[in-house]
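Here's a quick tour for anyone opening this one up for the first time. Have a look at the sequence and the fold, then read on.

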Amino acid sequence: MKALQQNVIFGLVRRSFILFIPFAGSPSVASFRHFQSLASSTVVTMSHSHSPPVAKKVEHKMELFGDVRIDNYYWLRDDSRKNADVISYLQQENAYTDFVMSGTKQVEEQIYGEIRGRIKEDDISVPERKGPYYYYKRTLDGKEYVQYCRRFVPRGEEAVSVHDVMPTGPGAPPEHVILDENDKAQNQSYYCIGAFEVSPNNKLVAYAEDTKGDEIYTVYVIDAETGAPVGKPLAGVTSYLKWAGNDALVYITMDEILRPDKAWLHKLGTEQSTDTCLYHEKDDMFSLDLQASESKKYLFIASESKFTRFNFYLDVSRPEDGLTVLTPRVDGVDTFPSHRGNHFFIRRRSEEIFNSEVVACPLDNISATTILLPHRESVKIQDIQLSLNHIVVFEREDGLPKIVVYSLPDIGEPLRSLEGGRAVDFTDATYSVDLSESEFSSSILRFCYSSMRTPPSTYDYDMTSGVSILKKVETVLGGFDTNKYVTERKWATALDGTKVPLSIVYRKDLVKLDGSDPLLLYGYGSYEICIDPSFKGSRISLLDRGFIYTIAHIRGGGEMGRQWYENGKLLKKKNTFTDFISCAEYLIENKYCSKEKLCIDGRSAGGLLIGAVLNMRPDLFKAAVAGVPFVDVLTTMLDPTIPLTTSEWEEWGDPRKEEFYFYMKSYSPVDNVKAQHYPDILVTTGLNDPRVLYSEPAKFVAKLRDMKTDDNLLLFKCELGAGHFSKSGRFEKLQEDAFTYAFILKSLNMVPALGN
């Protein structure tokens, strides 16, 4: 889904869950060298080999609005990531973590074996029809990465149907491997393809490659049949990449603070240095986005901040004509366009129409808009998807996603208000559903449904007849039986009386619901991102050990509509943290767990959540996991030279203004570490993370080690060859889950004795 994906891929959401970030403050060159020299002798002290590292203190004074802050660990930030003292400190933290967790290695390996054992390693994705081909991904036994494949559609079967099945047996058109990531990833500690785009005539493929985890890509164009390179690579670009016809590409690059700021047109066979700059966004509060219409006739380049988005369009049949304004910049108004026939369709949001409306306008008169679907206070329009004869509206009501399909008049006929929509039915009490790209000319809608007890299930839905055909259920090996598990939806009451939804799953034959069960509570609550309760195979290893798993859909996310987000950002950000605490208290009061059995987890902006609630209510939790956590909020957001900080002032606030300074200081985790008891804590990071610099969690851990008054676990694990999204291989990622679960079991004293 275009609008959902754009917030997860790059610019706007840098402290992400899926998705999402900034860097710690940047000292002057002189002061940085001074700090280096001070710290160079004895950076880390260890009383003996099995003691936690103690980072050296180097006083760094920061003063604003008469308030003085001392950061003794500012020296840990090294943008080159090559400073020997810093690397040594990170390595010693890793060594200490390995030592402490050495006694759980057997259970960690057991869990890893369970998780991997549930995966059908040799598998293919549901084939996707594009013109005369089926495109799909294949995974192989023992291989970390995927193959990108295609087959011809047999002659006589060109019509698209929900009953369409790709032939694979003898006599079927042969499989062709376009690109094998396993070959490309050889000798790389990290490998990720961020974009894989087939040309309209299916002859060429452009793909964006990242080999460090820093999300700076190189684009290669190859012949889809032979794999031969076409032209020279495009270096230093984002993963925003689209074809403009069969011989040109549009891509986006970033400025020095990693803000997507320029859109370019590249003609195949020419040097990158001669590419045409289509648009340069100079306002550092805005970042660029790139999308293609479902009709593939237009590309849309958007410039967006946290509450304003405006758009240009490019006619792919005449890319040399450049961009044309579609929706002008109006502060406080978001617009997301698409195209069908002789109309642009636009999802539009403003302060008054906060849950969005859908309008359409003729291509030749974009100011003449017709409202197709009006704003509703109780229903959020999250996205739309067009086909030749239908419009699919992706909505949210009472925190749950909905798919509603409307028929459209023939192209050329007048457009009127949408009526008689048909909703797709779903079964679980709480669930996740995502739209997939479908053939524009067909009446087939493809979507993927899952819940915390239902593996991902891909359906093709005939929008004309209402017939829905299950195309594939993700195979879960190891005797998994969905009927053993129960999903529930409950509501906690926040401090101000707001009802906060909770998604809960457990195995019904193992859980007592008397307060004695272990529970893992997950939260995020930022960027209007919806953490829908989807399936995760590794989670079964907790559920089958008697755990209850719960997601707190707290304010700052988008689950309950736009206002849910507005009431959890800027000067209302603390609602995110107090909502989470209220959810934890609800679970304890209703006998889902006790304080002694309650563990919490969050990543990125969710790591900020974990850091904040640990400072506020450390007594409430037994263990906490903070992944790539954004914990040095105030220092980061005070420095506009840090990547992406300026574009995030509309999310967190601009602390150069006194009101925001003191509000952000009141919750910033690094600034609020106290001399108090904390629960067991695991903090993780990636050295090459461009979204949350590794030094933020490093400083948080160092300060906790210095100030906390307990002997509970405090572990810090830094992946030295990864970025924000951890390791890149599919099995490598499972190792991280196994390690995290082993830490939680160790904290709860649930690690079985050797031999048991």
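Let's start with one pair of residues: I681 has L714 in β40 as its bridge partner. This is a predicted model, where local features need pLDDT of at least 70, side-chain atom pairs count only at pLDDT 80 or more, and totals for chains, interfaces and linings use all residues. Residues are numbered from 1 along each chain as its sequence is written, and side-chain values use heavy atoms, with hydrogens and water left out. Helices (H or I, at least four residues) and strands (E, at least two) are DSSP runs, numbered from the N terminus.

**The eight-stranded sheet**

- The pair I681 and L714 belongs to a wider match-up: strand β39 (residues 680–686) and β40 run parallel and are joined by six bridges.
- Those two strands sit in an open sheet of eight, ordered β33-β34-β36-β35-β37-β38-β39-β40, with mixed pairing; two strands count as paired if DSSP finds at least two bridges between them.
- At the edges are β33 (485–493) and β40 (714–719), each pairing on one side only.
- From one strand to the next, the twist averages 15 degrees.
- Helix α9 (residues 605–616) packs on this sheet and touches β35 (519–523), β37 (598–603), β38 (623–627) and β39. The direction of α9 makes about 140 degrees with that of β37; axes here are lines fitted to C-alpha atoms, for helices over the stretch in contact, and angles run from 0 to 180 degrees between N-to-C directions.
- Over at the β33 edge, nine bridges tie β33 to strand β34 (residues 499–507), and these two run antiparallel. Y485, for instance, has R507 in β34 as its bridge partner.
- β33 and β34 make a hairpin with five residues between them, and G497 in the turn has a positive phi of about 95 degrees.

**A smaller count of strands elsewhere**

- Another open sheet has four strands in the order β25-β26-β27-β28, with antiparallel pairing.
- Its edge strands are β25 (379–386) and β28 (422–423), and each pairs on one side only.
- Seven bridges link β25 to strand β26 (residues 390–397), and D383 has F394 in β26 as its bridge partner.

**The nonpolar core**

- In soluble globular proteins, nonpolar side chains tend to be buried together.
- Here the largest nonpolar core has 133 residues, and L521 and F580 have the most contacts inside it. Such a core is a set of buried Ala, Val, Leu, Ile, Met, Phe, Trp, Tyr and Cys residues joined through side-chain atoms within 4.5 Å.
- Helix α14 (residues 730–747) gives the most to this core, with nine residues.
- Skipping neighbours within four places in sequence, F580 is in contact (heavy atoms within 4.5 Å) with residues including L521, A552, I600, L609 and F621.

**Two helices crossing**

- Helix α3 (residues 84–100) and helix α13 (residues 695–707) have axes that come within 12 Å and cross at roughly 65 degrees.
- Y89, E93 and Y96 in α3 meet A698, V701, A702 and R705 in α13.

**Cysteines**

- How many disulfides does a search of the whole structure find? Zero; a disulfide is a pair of cysteine sulfur atoms within 2.5 Å.
- C448 is in no disulfide, and the nearest cysteine sulfur, that of C530, is 16 Å away. C448 counts as partly exposed, at 23% relative accessibility; buried means under 20% relative accessible area, exposed over 50%, and partly exposed in between (1.4 Å probe, protein chains only).
- C718 is buried, with a relative accessible area of 4%. Its sulfur is 19 Å from the closest cysteine sulfur, in C192, which is too far for a bond.

**Three buried residues to click on**

- F535 lies in the loop between β35 and α6 (540–543) and counts as buried at 10% relative accessibility. Away from its sequence neighbours within four places, F535 is in contact with residues including S450, M452, P455, V476 and F480.
- V476 is in the loop between β32 (468–473) and β33, and is buried with a relative accessible area of 16%. Not counting residues up to four places away in sequence, V476 touches R118, P455, F535 and I540.
- The C-alpha atoms of V476 and G117 are separated by 8.7 Å, although their positions lie 359 residues apart along the chain.
- T458, in strand β31 (residues 457–462), counts as buried at 14% relative accessibility. Among the residues T458 touches, not counting those up to four places away in sequence, are V126, C448 and K471.
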